Amino acid sequence: MGKYFGTDGFRGTANENLTADHAYKVGRFLGWYYGELKRRKGDDSAARIVIGKDTRRSSYMFEYSLVGGLTASGADAYLLHVTTTPSVAYISRVDSFDCGIMISASHNPYHDNGIKLINGQGEKMEDEVIDLVEAYLDGNLEAFGQKWDEVPFAHGEKIGKSVDYVSGRNRYLGYLISLGMYSFRGMKIGLDCANGSAWNIAKSVFEALGAETHVINAAPTGININNNAGSTHIEGLQKFVVENGLDVGFAYDGDADRCLCVDEKGNVITGDHILYIYGRYMKEGGRLLNNTVVTTVMSNFGLYRAFDEIGIEYAKTAVGDKYVYEYMKEHGCCIGGEQSGHIIFSKYASTGDGILTSLKIMQVIMSRQKKLSELAAPFVVYPQVLENVKVKDKAAAQADPDVRAEVDKVAAELGDAGRILVRESGTEPLVRVMVEARDESVCRSCVDRVVNVIKQKGHTL
């Protein structure tokens, strides 16, 4: 991860560590950089960059700042307005934009925001371009074989313009509807839109496919995004589904790139459940490429046991849908994702897409003519205990020989009946100690043993 950009963009508290000035400069660089790339290929046309935003109040400020920077550098900015992250990725790819920008802090509270950069293939921006953006923000840009104290402004007719591009968002909505393989007529579906990006898209998609939709948290005010709503507060949807006798519920996060589900009994269906349900469906239909589902190291141990039982292989990547997608692309896999609900269907999208995920789960329900609880039943979630330990030096704590020895001892004792994972936080001074096993008391005991050694060796703050 860079100084400003992490695995999911440049994120921070609005006008504190992510300011309107930052956004302006990001726009200035991208507008100049993609225009310069074109000029060096003999193309004198303006760079074309598409922008979407979620419902946070600060998203408007960042949108205008980005547009100011882009147009000042000679790029044309196409505005999708309030929309989802996957829609920006889709439109960037199908409408041949030089890049896309999504203004969102995903599942974070409203006072945070972020700038996500997407390349012209609809994928997360390449690290080498991110590095150049960061170098420009720090005033030490070196690009195209020279150093730049400042990138040049556009003049006269070369100054860029902004374009209302709500038609792009509507085309994405039509694309989602086109993926519905079954009529949902007779199905009662609950949607929790988190007062975010999905609020004016999800309902339209499901109603177009014939569902009786029941929607909550679809009245954004600018300050209520993710507030006791959406995939990070799914208890509201659980209650809503049961009280209204719904067949299934889907909960999105602020920018709708993730989805969690609720079955007809009110049980939460996590990203791991989704990987199991759709992975099995694909295998049974002979369409699971490489017979492999891509997970992260944080997927539940029970998922791997469930895959073993039906003969599905699996890969484990670092935490982050970026790494999941990179593995899928390199190895030709068709499904992968995270426990949190970032699920990637590579045939249809280049990023996690919450609404697409819910459509794919509905496809399995309609095809198999089974309730969601039945489809999820063979996957038994193993108890998990996770403890975050505040440490002075994350690397030193993990490398300590006594800590390693205790971790190895726990791993040997668990054998094939569980696992231990020790990893550092990417953003905080924390070492995370996690154990999964059939018995929660075993998990607790194993975690305590490792944490006690970390403390005894003086690594804690």
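**View 1. Helix 4 gives the most to the lining of the second largest pocket, with 4 residues.** The model shown is predicted. Helix 4 spans residues 127–137. Asp127, where helix 4 (127–137) begins, is among the lining residues closest to the centre of this pocket.

**View 2. The second largest pocket has a volume of about 340 Å³.** Its lining is made up of 26 residues, and those closest to the pocket centre are Gly6, Thr7, Met125, Asp127 and Lys322. By residue class, the lining of the second largest pocket holds 10 charged, 8 polar and 8 nonpolar residues.

**View 3. Helices and strands around the second largest pocket.** At least two lining residues come from each of strand 1 (5–6), strand 6 (112–119), helix 3 (85–94), helix 4 (127–137) and helix 10 (321–331). Gly6 and Lys322, both in the group closest to the pocket centre, fall within strand 1 (5–6) and helix 10 (321–331), respectively.

**View 4. The largest cavity encloses about 60 Å³ of space.** The model has 1 cavity of 30 Å³ or more. Helix 3 and helix 5 (166–178) are the elements that give two or more residues to the lining of the largest cavity. Helix 3 gives the most, with 4 residues.

**View 5. Residues lining the largest cavity.** The lining consists of Pro86, Ala89, Tyr90, Arg93, Tyr172, Tyr175, Tyr348, Ala349, Ser350, Thr351 and Asp353. Of these residues, 7 are nonpolar, 2 are polar and 2 are charged. Helix 3, which supplies 4 residues to the largest cavity, also supplies at least two to the lining of the second largest pocket.

Note on methods:
Residues are numbered from 1 along each chain as its sequence is written. This is a predicted model: local features need pLDDT of at least 70, side-chain atom pairs count only at pLDDT 80 or more; totals for chains, interfaces and linings use all residues. Side-chain values use heavy atoms; hydrogens and water are left out. On a 1 Å grid over the protein atoms alone, a cavity is a set of points where a 1.4 Å probe fits but cannot get out, and a pocket is an open set with protein on both sides within 12 Å along at least five of seven lines; lining residues have an atom within 4 Å of a point. Grid points are joined across faces, edges and corners, and a volume is the space filled by probe spheres set on the points. Ala, Val, Leu, Ile, Met, Phe, Trp, Tyr, Cys and Pro count as nonpolar, Asp, Glu, Lys and Arg as charged, and the others, Gly among them, as polar.
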